[in-house]
Amino acid sequence: MNNTVELKNLHIKAGNTSLVYKTSLIVKEGEIFGLVGESGSGKTLTAKAIINLLPQGLTYTADEIITVGKNMLTASNEEKRDHIGKNVGYIPQNTVFYLHPLIKIKNQIGDGYIQHTHKTKQEALEKAEMLLSKVGFKSPKTILNYYPWQLSGGMRQRCNIAMALMNDPKLIIADEPTTALDTTVQKQVMELFKAINEEMKLSILLISHDLGLVKRYSHSLGVMYAGQIVEAGSASTVFDEPKHPYTQLLIKIIPSLNIKKNEPLTEIPGFVQDKDRDSQGCLFYNRCPKAMDICRVKVREHMKEDHYYRCNLE
Amino acid sequence: MLSYVLDRLKSSLVVLFVVSIITFFVLMIIPGNPAQLILGTDATPEAIAELSSAMGLDKPLYQRYLSWLLDLLKLDMGKSYVYGESVTSLIARSIPVTFSIAIFAMTMAVIIAFLFGMLSAIKKNSIIDYFSRSIMQLGTAIPSFWIGMVLIVYFGVKLKILPVSGFVPIERGFAHFIKSIFLPSLVLAIGEVGTLLRIVRSSMLDSLKQDYMDMARVKGLGWGKIYIKYALRGALTAPLTIIGMQLAKLAGGTTVVETIFALPGLGRLVLTAVEHRDIVLLQGLVMFITSTVVFVTLIVDILVMLFNPRIKSFHQGE
Amino acid sequence: MKKNISLILGIILVFIILGIWVLSFVRMPYNPNEMNISNRFLGPGLDRDHVLGTDNFGRDILSRIMYGSRNVLLVALVSVTLGSLVGIFLGALAAILKGPVEKIIMRIMDGLMAFPGILLAMMLVAVLERGIKGSIAAISIFMVPVFSRLVYSMILDTENLLYIKAAKSYGSSKKQIFFKHYIPAMLPRLITQFSSSMGSAVMIETSLSFLGLGIQPPYASWGLMLSESRQFFLNYPYLAVAPGIAIIITILGFNLIGDGLNDILINRGSNHE
């Protein structure tokens with residue numbers, strides 16, 4: 001079975017500060033992988049590293065980054081950009097600023113498509129119309145003529161989804177797709193993702209702080225804390241038998257982790273740390289109810305039948 | 001939208017009104033009787049009195065202002081005492097010269113500023129960036145006449161490729177026309193390019209930081225699309241406004257360059273008028289030039305508004 | 001750190017010019033107005049009597065540069081000071097009194113600003129006399145609108161800041177508020193503008209002198225020197241180099257200081273938020 005994404009040991013730094021450390025994950029073909037964590041846990045950065053979108057000023061290393069079959073560590077910038085453009089659809093957080101405000105939808109939705117398939121603008125617009133109605137627009141032709149700021153948040157989100165699907169990608173990365181939406185629209189959008197995944201057999205990397213959402217819609221998931229994946233595995237395994245104390249606590253306070261960085265969780269005293277994310281000890285040590293002395297210095301990694309967790313406990 | 005335009009038009013007219021007052025009354029302070037200046041030192045007092053009366057110099061100030069203003073609107077700006085010709089025709093003859101160098105200079109400045117401004121923003125802190133930033137600083141500090149003189153020596157005399165004086169109107173051949181305005185326009189351009197480059201660079205830097213750039217990159221678009229369709233498009237508002245302002249400013253600031261290169265434009269007329277205290281000519285010139293400035297500024301403001309669809313639709317309801 | 005390079009470089013350049021200015025009162029190599037036809041058109045050279053050479057009248061160029069610095073700086077400093085004071089006063093008046101006074105003053109400023117650069121100065125020089133007084137008057141008037149607009153908008157902005165409203169609500173007297181709050185908020189930008197305006201003033205003065213409308217002989221000015229050198233420039237290019245460089249250093253220096261200060265302000269400003 002081909003894996004859509006294979007990420008091993010990602011380490012992202014800003015200058016001397018580590019933001020993401022020792023992060024590995026695998027997105028299997030055709031599955032929805034949920035990446036969960038609080039604000040500031042490094043989820044977006046991890047996703048961006050996979051698609052070569054990290055901002056300038058950050059450096060990164062990894063043992064392996066293979067995205068839709070291409071080794072991102074050895075490919076040239078040109079190759080990377082081309083490959084990602086063809087094979088990955090990116091649906092960002094906060095769509096407001098991601099669509100160019102001075103360009104009509106019809107003039108920006110298809111330019112990636114035209115670039116990679118060398119089809120004409122007319123063909124691109126036809127496909128765009130088709131996709132726009134697929135994502136739920138009743139009159140796609142009107143939408144195409146709008147400027148992004150004339151659309152509501154939910155509408156923009158759906159435009160982004162349609163845009164991401166233009167090239168029939170193998171991988172979609174959806175970063176907090178439901179944050180800016182009201183609950184009815186949220187459900188629509190998530191059902192849409194589910195339908196796309198089942199119909200087109202696309203892999204989806206779903207990033208969210210909403211554990212409940214992830215539980216409902218993903219096949220596998222990974223829990224990130226302070227820049228590290230502390231637990232990962234199939235959704236059912238992780239929810240039925242969470243091994244990491246952090247995961248256990250999170251599950252207790254579903255439905256949502258919509259809390260800002262540095263604000264403590266209601267049941268977990270302390271703050272997510274920004275510094276020393278690359279220390280060898282457990283980063284959850286300060287807040288863990290089951291912490292032991294050894295946790296400060298060393299953490300054991302376990303891998304049991306696709307269930308991964310980093311904890312000194314059994 | 002119409003009401004926005006009308007509003008701006010109204011402001012412009014008020015400004016012009018203030019300008020006319022300033023122009024008229026300031027120049028009235030000049031001691032000496034204009035009639036006497038015209039007739040010369042050995043004119044008889046009766047002749048002076050007669051001409052004064054004919055010129056309406058004995059009427060109260062505000063009446064003279066009003067009749068001057070009314071004449072202006074009929075495009076009658078009186079007769080220059082230095083040249084003995086109607087001011088209107090003097091100005092009309094000089095317009096092509098000044099406007100040619102202003103427009104050509106602006107074109108050069110725009111090309112250089114956009115080219116280097118964009119490259120500088122895209123490759124921040126590279127050699128090109130430092131080079132551009134030096135242009136920015138030097139451009140505004142170098143006096144135009146100094147550069148003018150230097151260029152005359154090198155291009156005009158030593159290398160003999162470009163003429164150093166005189167204006168060749170476009171009817172006599174496009175190539176000659178361009179050659180005759182090249183150096184003076186270059187000199188003017190050097191003065192403007194610094195400011196424009198700075199604005200282009202900073203607007204581009206802002207635009208490049210925007211999220212839509214991420215989208216463009218993820219889609220795997222080529223350089224041209226990324227930097228022009230996305231980055232530049234989001235960076236045009238400020239530069240366009242500045243270009244308008246600079247063009248307007250150039251309309252009135254060509255005196256020095258025209259003097260060095262012996263071009264018979266509006267600037268030279270102004271100098272002559274000032275040197276000889278030819279009030280009539282000066283009044284007409286100042287009103288004309290300033291009106292051009294106000295008018296160009298108005299057009300630019302409206303264009304910028306139209307250009308930005310958000311602002312346009314904001315005003316569309318009006 | 002990088003931004004301070006502007007400031008430091010600017011300060012160095014201005015100091016160089018100030019140094020020349022000071023030296024001009026202490027000791028000049030020659031009498032700047034002393035003509036010596038037999039010595040004219042001597043080229044520059046570090047080992048010669050006349051380090052920067054002599055002009056068409058045999059006058060020592062270095063001395064004339066030093067002598068010229070006096071007038072250039074005098075005109076610039078006095079004009080910008082006068083213009084800024086008047087401008088600040090009028091701008092503050094408009095912002096504080098509001099109503100018809102505000103409208104009239106700001107309309108006049110708009111009108112003044114509609115005159116492109118040199119045109120206004122030239123027009124004023126036509127009316128007043130040429131020479132130092134005329135230049136100072138013309139350039140001062142030119143400076144007024146910029147400062148008045150600046151102060152006007154700053155006062156209006158500051159008025160809206162919450163802490164001012166708070167101060168008013170617990171009854172601090174108007175004067176107290178003005179001095180304790182407004183002035184510290186406005187001072188940095190005013191100083192920056194002052195520096196930039198110094199650069200503009202020098203540029204305008206030089207242009208006016210070049211056109212023969214500014215400083216007149218027997219006084220010296222760099223613009224005047226350039227104009228005098230025009231006739232002979234083709235044969236003796238060095239005649240224009242020294243005054244040109246002096247002008248560039250001065251304007252560049254003031255502009256860089258203005259820019260450097262501006263950068264610092266922006267940084268400090270954003271730290272407050």
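The exchange below asks how the terms used for this three-chain predicted model are earned.

Reader: How do you know which residues to trust, and how are they named?
Author: This is a predicted model, in which local features need pLDDT of at least 70 and side-chain atom pairs count only at pLDDT 80 or more, while totals for chains, interfaces and linings use all residues. Residues are numbered from 1 along each chain as its sequence is written, and chains are lettered from A and ligands numbered from 1 in the order in which they are written.

Reader: What makes chain A as compact as a globular protein of its length?
Author: The radius of gyration is taken over C-alpha atoms, and the globule rule is 2.2 Å times the number of residues to the power 0.38. For 314 residues the rule gives 20 Å, and chain A has a radius of 20 Å, so chain A is as compact as a globular protein of that length. Along the principal axes, its C-alpha atoms fill a box of roughly 65 × 45 × 35 Å.

Reader: What makes up the secondary structure of chain A, and what makes up that of chain B?
Author: Helices (H or I, at least four residues) and strands (E, at least two) are DSSP runs, numbered from the N terminus. By that count chain A has 11 helices and 13 strands, whereas chain B has 15 helices and 0 strands. The C-alpha atoms of chain B fill a box of roughly 85 × 60 × 35 Å along the principal axes.

Reader: Why is A:V68 called buried?
Author: A residue is buried if 20 or more other C-beta atoms lie within 10 Å of its own, exposed if 12 or fewer, and partly exposed in between, with C-beta atoms placed from the backbone. A:V68 has 22 other C-beta atoms within 10 Å, so A:V68 is buried. Of the 314 residues of chain A, 47% count as buried; in chain B, buried residues make up 41% of 318.

Reader: Why is A:N9 called partly exposed?
Author: A:N9 has 13 C-beta neighbours inside 10 Å, and therefore counts as partly exposed. A:N9 belongs to strand β1 (residues 3–14) of chain A.

Reader: What is the phi of A:N9, and what is that of A:V68?
Author: Most residues other than glycine have a negative phi. A:N9 is not a glycine, yet has a positive phi of about 60 degrees. A:V68 also has a positive value, near 45 degrees, and is found in the loop between β5 (64–67) and β6 (70–71) of chain A.

Reader: How do you know which chains are in contact?
Author: Two residues are in contact if their C-beta atoms, placed from the backbone, lie within 7 Å. There are 2 pairs of chains in contact, and chains B and C share the most contacts. There, 37 residues of chain B meet 34 residues of chain C. On the side of chain B, α1(B) gives the most, with 7 residues. No contact joins chain A and chain C, whose closest C-alpha atoms lie 17 Å apart.

Reader: Which classes of residue form the side of chain B that touches chain C?
Author: Ala, Val, Leu, Ile, Met, Phe, Trp, Tyr, Cys and Pro count as nonpolar, Asp, Glu, Lys and Arg as charged, and the others, Gly among them, as polar. That side of chain B has 28 nonpolar, 7 polar and 2 charged residues.

Reader: What makes helix α4 of chain C mostly covered?
Author: Of the 11 residues in α4(C), residues 117–127, 10 are buried. Among them are C:I118, C:A121 and C:V127. Leaving aside residues up to four places away in sequence, C:A121 touches C:A138, C:I139, C:F142, C:I204 and C:L208.

Reader: What makes a nonpolar core, and how many residues has the largest?
Author: A nonpolar core is a set of buried Ala, Val, Leu, Ile, Met, Phe, Trp, Tyr and Cys residues joined through C-beta atoms within 7 Å. The largest has 239 residues, and those with the most contacts inside it are A:L205, B:L285 and C:A121. Helix α5 (residues 87–122) of chain B supplies the largest share of this core, 15 residues.
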